[in-house]
Amino acid sequence: MTERTEAKPGARHYDRLTLGLAVVMLIIVAASYVINAADRQVFFVVLPGISEELSFSLASGGLLGTIFTLGIGVSGLPVGFFLDRYSRKAVMLLGITIYSVFTILTALAFGFFDMALYRGVTGIGEAMQQAALFAAVGAYFYQRRALALGTCNFAYGLGAFFGPLFGGILFQATGAWETPFYLYGVIGLLFVAVIYFVVPRGFTEQIDPGAPGSAAAEVDAQMPERLFNRNIIIGIITAATVGLSMYGYLSLYPTFLQGQLGFSPTEAGFALSMFGIGALMGIPAGYLGDRYDQRWIIIAALVGAIITAYFLFLVGQTPFQQSLLSFLMGTFASGFLFVNVYSLMQRSVRTTTIGRASGTFITSLFVPSALAGYLFGSLATQFDWGGAAIIQLMLLPLVGIAAMLFLDNSKISKVAIGRSH
């Protein structure tokens, strides 16, 4: 059966694709997100080499490690408004182009300020692709939204695994920290051409989940009209605590492994890459989020992340222990929290506001993340690594747990429950 949907006001109708073709398109756009993740994660592995060559302090290096999240965060809301008005495909392509070009420019940086600029603009491009991708996929596969977003997070996990792993290998083999940036930038530009010629707007531009009178439309009519409703605000608070804690860990984790535990760049890269393997758990995390109360899934994941952080920075000593713990952190922080908080915020608004809800999530997660590396570096300098982990990775997530207790489940769209696409 062919469904027709109303895209943006005044825009043309787009037929939905066959399920098989839609899955192929999902694989293509998700594959482009692999490079997005690789670009983000590789910087953390080569940061010790960058800091040594350019004489950056621990706090300054931590700030550079997470400054790209400022670009992601400040562009989140504007991108969300654009997505509700313009082609998601165009926004996606422009975003990939921007972060690919500025990834290459990062390799040409000669100091703190120009590198910070390049990484910040890279984040803007990453936000554009991410918001367009998640809005398109969340709208198209509305009946299994959390599972579809989990598939995208699976792609992120692949990039988060291979990005630092290959980055550490290339860095150690060539002695040049610039090499991975050149490689990932070129691959990103290749994906621009693939998506432009292969992915149709019938996949990227779907908005309405059903015609007036359908079960989906009836549920939509019962959702809050305002974007910033109670559940969105709770989602913002939770996302901010996840960003501050998760990127505090990511920013200086390889530096901790190499400087404190004596790991080689390859060992540190592998340990960080296991975070990406944990992010692959986004698919089962999304599956569970489609069927059970997301509030308790999110709370359980926050508790798991707190316990894991304790063992990461205060107990684990060997490469095997650190790799296992990094995997668990990726499972809780990226696999469960990222997917379920993201889909929860999309489910807290009407379908015509999904783009802005996506942008709100990105802003609330990534703007605080921009300071996470600097904060973690400063805390580690003052209280050592264990003290920094207790404050930023164990106490802070308690705020998110408290916020989720006030969630209003009656204003969460249940379209996905019990349905299949």
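These exercises work through a predicted model of one protein chain.

**Exercise 1. The chain as a whole**

Task: State how many helices and strands the chain has, and what share of its residues is buried.

Solution:
- Step 1. The secondary structure consists of 17 helices and 2 strands.
- Step 2. The chain has 421 residues, and 62% of them count as buried.
- Step 3. The accessible surface is about 15,100 Å², and carbon and sulfur atoms make up 70% of that area.
- Step 4. Among contacts with a separation of 6 or more, 85% are between residues 24 or more positions apart.

**Exercise 2. Helix α10**

Task: Describe the span, start, bend and cover of helix α10.

Solution:
- Step 1. Helix α10 covers residues 230-259, which is 30 residues. From its first C-alpha to its last it reaches 44 Å, close to the 44 Å expected at 1.5 Å a residue.
- Step 2. At the start of α10, a side-chain oxygen of Asn-229 comes to within 3.1 Å of the backbone nitrogen of Asn-231.
- Step 3. A bend of about 50° is found in α10 at Leu-252. A proline, Pro-254, follows within four residues.
- Step 4. The helix is mostly covered, with 25 of its 30 residues buried.

**Exercise 3. Two aromatic pairs**

Task: Classify the ring pairs Phe-102 with Tyr-118 and Tyr-249 with Phe-275, and locate each partner.

Solution:
- Step 1. The structure holds 28 aromatic pairs.
- Step 2. In one of them, the ring centres of Phe-102 and Tyr-118 are 6.3 Å apart; the planes meet at 50°, so this pair is tilted.
- Step 3. Phe-102 belongs to helix α4 (residues 88-106) and Tyr-118 to helix α5, so the pair links distant parts of the chain, 16 residues apart.
- Step 4. The cut-off for buried is under 20% relative accessible area. Tyr-118, at 19% relative accessibility, therefore counts as buried. Phe-102 has a relative accessible area of 22% and is therefore partly exposed.
- Step 5. For Tyr-249 and Phe-275, the ring centres lie 5.7 Å apart with planes at 40°, so this pair is tilted.
- Step 6. Tyr-249 is in helix α10 and Phe-275 in helix α11 (residues 265-279), so the pair ties together parts 26 residues apart in sequence.
- Step 7. Tyr-249 has a relative accessible area of 0% and is buried. Phe-275 is buried at 0%.
- Step 8. Both residues belong to one aromatic cluster, which also includes Tyr-253, Phe-256, Phe-313, Phe-376 and Trp-385.

**Exercise 4. Two threonines**

Task: For Thr-122 and Thr-204, give the helix, the burial and the residues touched, leaving out those up to four places away in sequence.

Solution:
- Step 1. Thr-122 sits in helix α5 (residues 112-140). Its relative accessible area is 0%, so Thr-122 is buried.
- Step 2. Thr-122 touches Asp-39, Tyr-99, Phe-102, Thr-103 and Thr-106, with residues up to four places away not counted. Phe-102 in this list is the residue whose ring pairs with Tyr-118.
- Step 3. Thr-204 lies in helix α8 (residues 201-204). With a relative accessible area of 1%, Thr-204 is buried.
- Step 4. Under the same exclusion, Thr-204 touches Arg-88, Lys-89, Ala-136 and Val-199, not counting residues up to four places away.
- Step 5. The side chain of Thr-204 also makes a polar contact with the side chain of Glu-205, at 2.5 Å.

Note on methods
Residues numbered from 1 in each chain as written. Predicted model: local features only at pLDDT ≥ 70, side-chain atom pairs only at ≥ 80, totals over all residues. Heavy atoms only, no water. Buried < 20%, exposed > 50% of the residue type's maximum accessible area, 1.4 Å probe, protein only. Contact = heavy atoms within 4.5 Å. Expected span 1.5 Å × (residues − 1). Bend = angle between axes of the 7 residues up to and from the residue. Polar contact = N/O pair within 3.5 Å; in protein donor to acceptor, adjacent residues only side chain to side chain. Areas by Shrake-Rupley, 256 points an atom, 1.4 Å probe, with all protein chains shown as cover. Phe/Tyr/Trp six-rings, centres within 6.5 Å; stacked < 30°, edge-to-face > 60°.
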